[in-house]
Amino acid sequence: MSSQGYAIQLFFDPALENQVLKAWNVLARRQISTQLIEMESRPHITLLSSPLLDPPKLQNLIKNFASKQEPLSLSMSAIGSFPGEGNVLFLSPNPTSALLQFHVQLCDALRKENIEIGEEYLPDSWIPHCTVAKEVPRSRIGEAFCILRDLKLPISGYAMDIGLVEFSPVVRELLSFPLGDALEA
């Protein structure tokens, strides 16, 4: 059964995005994980995910939120994995106060519109991460970690855009707004 739903995501500048894509491509070439490429995903940090989000309701909220923010400096400095099903591997950005505050402000804006935030995306529970592999065979997790270690961390750049995507199972970007863009001149 494939998951379906929506996610609010942070997207990177082209240089950082290319660094993450390099990891995806190496893992795919080695036939360790091809999921993210097959889903037509884009490198990102998920801020919130839910099957219950209402895209039309979120468009103005995200647009207004983005206009009041600035691009976020990111430094992916660690490799991690989530225990349990899915065998997900990720790059972890340094949890700077700017990144954590950005997430808190988004959650506050969502709450004001009575949008429910799932437990794992609440500010005290949220783990900022950029997924680089899913469904990694147990026997190849060590190899995948070694490949990721060869990326010469940290890789750095900026979160430049915030967007809403739909996944079912292919990812489709519904909308995206640049951070800090004063949309009305």
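Helices and strands here are DSSP runs, numbered from the N terminus, with a strand needing at least two residues. That is how to read labels such as E2, the strand where His 44 is found. Keep in mind as you go that you are looking at a predicted model.

**Stop 1: colour by confidence**

Start by colouring the chain by pLDDT. The mean over the chain is 90, and 96% of the residues reach 70 or more. Where is confidence lowest, and where is it highest? Select helix H2 (residues 35-38) for the low end, at a mean of 87, then helix H4 (residues 97-112) for the high end, at 97.

**Stop 2: strand E1**

Now select residues 5-12, which make up strand E1. Eight of the eight residues in this strand are buried. Turn on the side chains and you'll see two sets. Gly 5, Ala 7, Gln 9 and Phe 11 point one way, while Tyr 6, Ile 8, Leu 10 and Phe 12 point the other way. That fits a general habit: in a regular strand the side chains alternate between the two faces of the sheet.

Which strands pair with E1? Add residues 155-167 to your selection: this is strand E6, running antiparallel to E1 and joined to it by eight bridges. Then add residues 44-50, strand E2, which pairs with E1 in the antiparallel sense over six bridges. To pin down the pairings, pick Ile 8, whose bridge partner in E6 is Leu 164, and Leu 10, whose partner in E2 is Ile 45.

**Stop 3: Leu 164**

Stay with E6 and centre on Leu 164. Try a distance between C-alpha atoms here: Leu 164 and Ile 8 are 156 residues apart along the chain, yet these atoms are separated by 4.6 Å. Is Leu 164 buried or exposed? Leu 164 has a relative accessible area of 0%, so it counts as buried. Leaving aside neighbours within four places in sequence, show what Leu 164 is in contact with: among them are Tyr 6, Ala 7 and Ile 8, then Leu 53, Pro 55, Leu 58 and Ile 62, and also Arg 172 and Leu 175.

**Stop 4: His 44**

Hop over to strand E2 and select His 44. This residue counts as buried, at 11% relative accessibility. What does its side chain reach? One polar contact goes to the side chain of Gln 9, at 3.1 Å. The side chain of His 44 also reaches the backbone oxygen of Arg 42 at 2.6 Å. Beyond neighbours within four places in sequence, His 44 is in contact with Gln 9, Leu 10, Phe 11 and Phe 12, plus His 129, Cys 130 and Thr 131.

**Stop 5: the cysteines**

You've just met Cys 130 among the contacts of His 44, so it's a handy moment to ask: how many disulfides does the model have? The count is zero. Select Cys 107 and Cys 130 to see why: the sulfur of Cys 107 is 19 Å from the closest cysteine sulfur, in Cys 130, and a disulfide needs the two sulfur atoms within 2.5 Å. Both cysteines are buried, Cys 107 at 2% relative accessibility and Cys 130 at 0%.

**Stop 6: the E3 hairpin**

Next, select residues 72-82, strand E3. Five bridges join E3 to E6, and the two run antiparallel; look for Met 76 standing opposite Ile 155 in E6. Then bring in residues 88-93, strand E4, which pairs with E3 in the antiparallel sense over six bridges. Ala 78 has Ser 92 in E4 as its bridge partner. E3 and E4 form a hairpin with five residues between them, and in the turn you'll find Gly 84, with a positive phi of about 100°.

**Stop 7: aromatic pairs**

For the last stop, show the aromatic rings. The count comes to two aromatic pairs. Phe 65 and Phe 102 are edge-to-face, 5.1 Å centre to centre with 75° between the planes. This pair links distant parts of the chain, with Phe 65 in helix H3 (residues 55-67) and Phe 102 in helix H4, 37 residues apart. Phe 65 is buried at 7%, as is Phe 102 at 2%. The other pair, Phe 82 and Phe 90, is tilted: 4.6 Å centre to centre and 35° between the planes. Here Phe 82 is partly exposed at 27%, whereas Phe 90 is buried at 7%.

Definitions and conventions
Residues are numbered from 1 along each chain as its sequence is written. This is a predicted model: local features need pLDDT of at least 70, side-chain atom pairs count only at pLDDT 80 or more; totals for chains, interfaces and linings use all residues. Side-chain values use heavy atoms; hydrogens and water are left out. Buried means under 20% relative accessible area, exposed over 50%, partly exposed in between (1.4 Å probe, protein chains only). Helices (H or I, at least four residues) and strands (E, at least two) are DSSP runs, numbered from the N terminus. Two strands pair if DSSP finds at least two bridges between them. pLDDT is the predictor's confidence in each residue, from 0 to 100. A polar contact is a pair of N or O atoms within 3.5 Å; within protein, one must be able to donate a hydrogen and the other to accept it, and residues adjacent in sequence count only if both atoms are side-chain atoms. Contact means heavy atoms within 4.5 Å. Rings of Phe, Tyr and Trp (its six-membered ring) pair if their centres lie within 6.5 Å; planes under 30 degrees apart count as stacked, over 60 as edge-to-face and the rest as tilted.
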